[in-house]
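Student: I would like to go through this structure with you, asking at each step what entitles us to the words we use.

Tutor: Then let us look at it together and begin with a place in the chain.

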Amino acid sequence: MPSLTKLVSMAEASKHNTKDDCWVVIDGKVYDLSSYLDEHPGGDDVVLAATGKDATEDFEDAGHSKSAREIMQSFCIGELDTSAIPELEIVSKKQPRDYANKLIDLTKQYWVVPAAVVSISVVVGFLYLRKK
């Protein structure tokens, strides 16, 4: 693994956000993935979407294998400079969309419960009216 002597600010890393010049920050380390984009199994757009921010959560959520983590080490070019004033991220714009997407996903996953309640209600109502 190369020596991590280069300190890179988040502002500097975020400038490298094209297919020909792509840096990603994961777990406090900066990776130059420019030469790997065409080989990335998830496609280059996934990696390009992770530039300009700390992509640790995105990386972990993708469930990368041990071999992927080993390959990643060869692209490490330095460490994130944490002494600089951190850039502010506006979270409020993200949260409603995230909550809405989560609610839609839950609705798609658990549509059976309301459908069952409605079905049972219809059957019980039909049986009740039939007895009269």
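Student: Where is the place of S83?

Tutor: S83 sits in the loop between β5 (76-80) and α5 (94-109), where helices (H or I, at least four residues) and strands (E, at least two) are DSSP runs numbered from the N terminus. Before going further, note that this is a predicted model, in which local features need pLDDT of at least 70 and side-chain atom pairs count only at pLDDT 80 or more, while totals for chains, interfaces and linings use all residues. Residues are numbered from 1 along each chain as its sequence is written, and side-chain values use heavy atoms, with hydrogens and water left out.

Student: Why does S83 count as exposed?

Tutor: Buried means under 20% relative accessible area, exposed means over 50%, and partly exposed lies in between, with a 1.4 Å probe and protein chains only. S83 has 65% relative accessibility and therefore counts as exposed. In space, S83 lies 9.7 Å from L7, C-alpha to C-alpha, although the two are 76 residues apart in sequence.

Student: What makes H16 buried rather than exposed?

Tutor: Its relative accessible area is 12%, so H16 is buried. H16 belongs to the loop between α1 (10-15) and β2, and, leaving aside residues up to four places away in sequence, H16 touches D21, C22, W23 and T51, contact meaning heavy atoms within 4.5 Å.

Student: Why is D27 called partly exposed?

Tutor: D27 has a relative accessible area of 49%, and therefore D27 is partly exposed. D27 is found in the loop between β3 and β4.

Student: What is the phi of D27, which is not a glycine?

Tutor: D27 has a positive phi of about 50°. For background, most residues other than glycine have a negative phi.

Student: How do you know that β3 and β4 pair?

Tutor: Two strands pair if DSSP finds at least two bridges between them, and 4 bridges join β3 to strand β4 (residues 29-32), the two running antiparallel. One of the partnerships sets I26 against K29 in β4, and the two strands form a hairpin with 2 residues between them.

Student: How many bridges support the pairing of β2 with β3?

Tutor: Strand β2 (residues 17-18) and β3 pair over 2 bridges in the antiparallel sense, so the requirement of at least two bridges is met. N17 stands opposite C22 in β3, and β2 and β3 likewise form a hairpin, with 2 residues between them.

Student: In what order do the strands form the sheet?

Tutor: The open sheet has 5 strands in the order β1-β5-β4-β3-β2, and its pairing is mixed. Its edge strands are β1 (7-8) and β2, each of which pairs on one side only.

Student: What makes strand β3 mostly covered?

Tutor: In β3 (residues 21-26), 5 of the 6 residues are buried.

Student: Which residues have the most contacts inside the largest nonpolar core?

Tutor: A nonpolar core is a set of buried Ala, Val, Leu, Ile, Met, Phe, Trp, Tyr and Cys residues joined through side-chain atoms within 4.5 Å. The largest has 14 residues, and those with the most contacts inside it are V24, I26, Y31, L33 and V47. Strand β3 gives the most to this core, with 3 residues. Apart from this core lies another of 7 residues, including V8, A13, W23 and V25. As for Y31, its contacts beyond four places in sequence include V24, I26, M72 and F75.

Student: How do you know that α6 is close to its expected span?

Tutor: The expected span of a helix is 1.5 Å times one less than its number of residues. Helix α6 (residues 112-131) has 20 residues and reaches 28 Å from its first C-alpha to its last, close to the 28 Å expected. By contrast with that regular span, its cover is slight, and α6 has 0 buried residues among its 20.

Student: What does UniProt list for residues 110-129?

Tutor: An unreviewed UniProt entry lists residues 110-129 as "transmembrane region", and such annotations may be inferred rather than shown by experiment. In the model, that span is 90% helix and 0% strand, with its end C-alpha atoms 30 Å apart.
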